[in-house]
Structure formats: structure tokens, C-alpha cells
Amino acid sequence: MYGSTGYSNNGYHQNQNQQQQSSGEKRSGGRGRRGGRRSRDLHGFRVSEHNNNDDERQEPKSPPPCTDFDMAYFHSYAHVGIHEEMIKDRIRTETYRAAIMQHQRFIEGKVVMDVGCGTGILSIFCAQAGAKRVYAVDASDIAVQANEVVKANNLAEKVIVLHGRVEDVEIDEEVDVIISEWMGYMLLYESMLGSVITARDRWLKRGGLILPSNATLYMAPITHPERYNGSIEFWRNVYGINMSAMMQLAKQCAFEEPCVETITGENVLTWPHVVKHVDCYTIQLHELESVSTRYKFQSMMRAPLHGFAFWFDVEFSGPANSPTNNHTPSSLVGASDNNPLDGVQKKKRANPNEALVLSTAPEDPPTHWQQVIFRLCS
């Protein structure tokens with residue numbers, strides 16, 4: 001059985017499954033690398049049993065169990081620093097608010113679900129845009145504070161905070177809109193896309209709106225001599241001491257795992273290559289079990305190759321049945337009916353006014369996602 005679907009007068013509801021699973025768990029002592037912003041990698045995705053194209057939707061017989069890994073993820077999000085970092089990212093937060101207002105006609109008077117609501121800021125934006133009701137779902141204990149934020153802004157009658165997993169919580173109606181800031185580093189690393197898919201398949205009305213509507217992951221070869229010299233060449237002369245014997249170990253440590261940092265367009269050697277395009281209306285979890293691409297490039301400048309950078313953008317388009325939305329990202333050119341979006345090159349945005357875009361590209365203003373760099377050991 002799931003927890004009760006009744007809601008208290010203050011709009012807060014804790015799922016009983018979540019409450020039982022949380023009891024006895026120890027709060028994680030650390031937030032992980034870079035504050036543990038996203039603690040769930042691709043192995044944390046949960047496969048949905050639904051297909052949005054089915055004539056009739058069927059509820060799953062039982063949700064997947066909440067693992068220790070899930071609980072560590074939820075506990076990490078109870079730390080205020082993670083939410084502070086995200087909210088202070090003005091590019092992120094203001095783009096979401098602009099997207100909500102741009103699609104206000106689809107939100108006003110409608111039912112909205114905010115997947116992974118955190119402090120509740122996106123839920124409040126939707127309520128301010130005229131939403132009839134907003135279900136703010138979060139499995140982390142930050143949901144308790146989110147409920148207090150909602151009450152402090154006199155929105156308890158509109159915003160219902162559900163403390164539990166999307167797989168576990170219950171609501172008594174379909175929703176017109178799903179909004180979520182689900183993206184992780186390199187788009188898919190530690191992302192919440194699986195939860196968005198689950199919410200979509202359980203509750204989204206046919207023809208409903210998902211914000212963001214699609215996402216694209218890019219990669220490109222880069223040169224980064226300053227970073228290379230600072231981490232590797234540094235060892236040739238340390239306070240007048242020859243420590244070049246450390247260089248091989250320094251290379252091994254620097255290149256054995258990807259790093260998150262900010263680069264600029266000047267570091268990029270070619271036009272970006274599309275690794276993966278995600279249509280949030282149709283994507284299924286099995287498509288994310290393995291992501292691969294073939295890539296051939298020719299550098300546009302003479303410079304040493306130091307590795308590959310990955311970044312992403314997301315687009316806020318209209319609903320699935322909107323005549324202006326064909327689920328082709330406006331930021332891509334070169335794609336056709338005979339060419340899948342995966343594998344094409346992005347050269348320029350065809351029309352920046354077609355849809356609102358949140359970009360983490362090196363040439364755009366920096367965000368807290370930065371870029372993910374895979375360095376070559378040579």
C-alpha cells in the first residue's frame with residue numbers, strides 16, 4: 001500500500017513509505033565532490049513500465065525499492081548549501097522563471113507537478129503564474145523547509161508539498177504541466193531524468209507541457225595549455241627543485257577521471273558534436289542505459305589537443321500537441337528527416353526567438369554546471 005493521499009491543512013504530506021525507509025538511516029556526513037549537487041548517476045535511473053503512447057495507462061504493480069544509494073542521495077539534498085548554489089545561479093533560476101512566464105497560458109488555472117522541488121522556488125513561480133494547484137515533490141528532508149517557505153508566502157492553498165519519491169507518492173488527479181530542474185553534470189550524470197519520466201508516465205495529461213521540453217548533450221575537442229602547464233609542467237621546477245619524477249604520477253592523477261571546470265570558446269577546437277538528444281515527451285529509460293557516439297573531427301586551429309569537453313543545453317518549447325512544437329531543438333542545424341539528431345554538428349542557433357534556451361556552452365555565460373572535461377594522458 002502507498003501512503004495516504006489525504007493532505008493536512010498546511011498542504012504538507014509525507015509519504016509513509018518514505019517515512020518508514022528514512023527511519024533509522026544515518027545522515028551522510030559529507031556532500032561529496034563539489035558539494036554533492038547530484039548524487040545519482042545513470043545506475044540510479046529507475047525504469048518506468050509505462051509508455052506515453054499507450055491508449056490506456058496502467059499503474060505499476062509496485063514501485064522499485066528505495067536503496068541505500070537513493071537514501072544517501074536524498075540526504076545530501078537536505079544540505080542547504082546545495083540549494084544555495086543552485087538558486088544563486090542566476091542563469092539557471094531566471095531562465096526557469098522566464099520559461100514559466102513565457103508559457104503562462106499553459107499554466108494559468110492548470111495543475112502543475114514540480115519534480116524534485118527542493119526549496120520550492122519553481123513551485124512558487126508556477127503559483128505566481130496562476131497555477132490552480134502545484135504538487136511540489138521531493139524525497140529529501142528539504143521538503144520540510146519547502147513547506148515552510150510555501151506557508152510564509154501564503155501559498156499553502158495552492159502548493160501542496162509531497163515529501164517522498166515520485167515512485168511512491170500518490171495524487172488523485174492528472175497534471176497539465178511537469179516542471180523539473182533535473183539536469184546533472186554532463187546532462188545525464190547524477191540527473192533526475194528518471195524521476196521526470198516516471199512522473200510523466202504516471203500523471204501527465206495527453207498533450208500536457210513538460211519544462212524543459214528537450215535537451216542536447218554536446219562534446220568537442222579542446223586545448224587548455226594553462227591548465228596542463230599548471231597541473232603537469234609545474235613539477236619540472238618546484239622552488240628550484242627538479243621534481244619532474246612526479247610528472248607521470250601527476251598525469252595519471254589528473255587524467256584518471258573527468259573534472260568539472262569552466263572553459264571558454266577559445267579552448268574549443270571544432271564545432272560541437274551532438275552526443276545525445278533527449279525529447280522529454282518521448283524518452284524512455286532504456287535509451288539511457290548506454291549512450292555512445294562516433295566522432296570524427298578536424299581541428300579549426302593549430303593547437304595541442306588536451307582532451308574533450310562536454311556540455312548541454314535545454315529548451316523550453318510548447319506542449320506536445322502545440323503546432324509550434326515539433327520537438328526539433330531550434331539550436332541545431334544540419335538535421336533532417338534522414339539524419340538523426342544524435343551525431344550532427346551544432347554551428348549556430350537557427351532562431352534564438354523560437355524557444356527559450358538554457359545553455360551551459362563555453363561561449364555562453366557560466367553556470368554552476370560549468371563543463372565536464374575528459375583529459376588525454378599524453
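## Around Met186 and a small cavity

Met186 is found in the loop that runs between strand S5 (175–179) and helix H8 (193–203). This is a predicted model, and Met186 makes a handy starting point for a tour of it. Phi of Met186 is near 55°, which is a positive value in a residue other than glycine. At 23% relative accessibility, Met186 counts as partly exposed, because the cut-off for buried is under 20%.

Its neighbours in the chain sit in that loop too. Tyr185 has its place between S5 and H8, and Leu187 is also in the loop between S5 and H8. Leu187 has a positive phi as well, about 70°, although it is not a glycine. What about cover? Tyr185 is buried, with a relative accessible area of 5%, and Leu187 is buried with a value of 0%.

Here are some loop and strand residues with their relative accessibility.

| Residue | Place | Relative accessibility |
|---|---|---|
| Tyr185 | loop between S5 and H8 | 5% |
| Met186 | loop between S5 and H8 | 23% |
| Leu187 | loop between S5 and H8 | 0% |
| Leu269 | loop between S8 and S9 | 2% |
| Asp114 | strand S2 | 1% |

Now for the empty space. How many cavities of 30 Å³ or more does a search of the whole structure find? The search turns up two. The second largest holds about 30 Å³ of space. The elements that give two or more residues to its lining are strand S10 (307–316) and strand S12 (371–375). S10 gives the most, with three residues. The full lining of the second largest cavity is Tyr185, Met186, Phe310, Trp311, Phe312, Thr360, Trp369, Gln370, Gln371 and Val372. So Tyr185 and Met186 from the loop show up here again, because each has an atom within 4 Å of a cavity point.

Which classes of residue make up that lining? There are seven nonpolar, three polar and no charged residues around the second largest cavity. Two of the lining residues come from far apart in the chain: Tyr185 and Gln370 are 185 residues apart in sequence, yet their C-alpha atoms are 8.0 Å apart in space.

That pair has company elsewhere. Leu269 lies in the loop between strand S8 (259–261) and strand S9 (273–279). Leu269 and Leu305 are 36 residues apart in sequence and 8.3 Å apart, C-alpha to C-alpha. Leu269 is buried, at 2% relative accessibility. Not counting residues up to four places away in sequence, Leu269 touches Pro221, Ile222, Thr223, Ser299, Met300, Met301, Ala303, Pro304 and Leu305.

Then there's an acidic side chain to look at. Is Asp114 buried or exposed? Asp114 is buried, with a relative accessible area of 1%. Asp114 belongs to strand S2 (residues 111–115). Leaving aside neighbours within four places in sequence, Asp114 is in contact with Leu122, Ser123, Tyr135, Ala136, Val137, Ile179 and Ser180. The C-alpha atoms of Asp114 and Val161 are separated by 9.5 Å, with their positions 47 residues apart along the chain.

Two of the Asp114 contacts, Leu122 and Ser123, are also among the buried residues of helix H6. H6 (residues 121–128) is mostly covered, as six of its eight residues are buried. Those six are Leu122, Ser123, Ile124, Phe125, Cys126 and Ala127. H6 is followed by Gly130, which has a positive phi near 100°.

On to the cysteines: the structure holds zero disulfides. Cys117 is buried at 6% relative accessible area, and Cys259 counts as buried at 13%.

One more backbone oddity is worth a look. A cis peptide bond joins Leu211 and Pro212, with omega at about -5°. Pro212 lies in the loop between strand S6 (204–211) and strand S7 (214–222).

Finally, the chain as a whole. It has 10 helices and 12 strands. Of its 378 residues, 52% count as buried. The chain exposes about 18000 Å², and carbon and sulfur atoms supply 49% of that area. Among contacts between residues at least 6 apart in sequence, 79% join residues at least 24 apart.

How values were computed:
Residues numbered from 1 in each chain as written. Predicted model: local features only at pLDDT ≥ 70, side-chain atom pairs only at ≥ 80, totals over all residues. Heavy atoms only, no water. 1 Å grid on protein atoms, 1.4 Å probe; cavity = no way out; pocket = protein on both sides within 12 Å on 5 of 7 lines; lining within 4 Å. Points joined across faces, edges and corners; volume = space filled by probe spheres on them. Helix = DSSP H or I, 4+ residues; strand = E, 2+ residues; numbered from the N terminus. Nonpolar A, V, L, I, M, F, W, Y, C, P; charged D, E, K, R; others polar. Buried < 20%, exposed > 50% of the residue type's maximum accessible area, 1.4 Å probe, protein only. Contact = heavy atoms within 4.5 Å. Areas by Shrake-Rupley, 256 points an atom, 1.4 Å probe, with all protein chains shown as cover. Disulfide = S-S within 2.5 Å.
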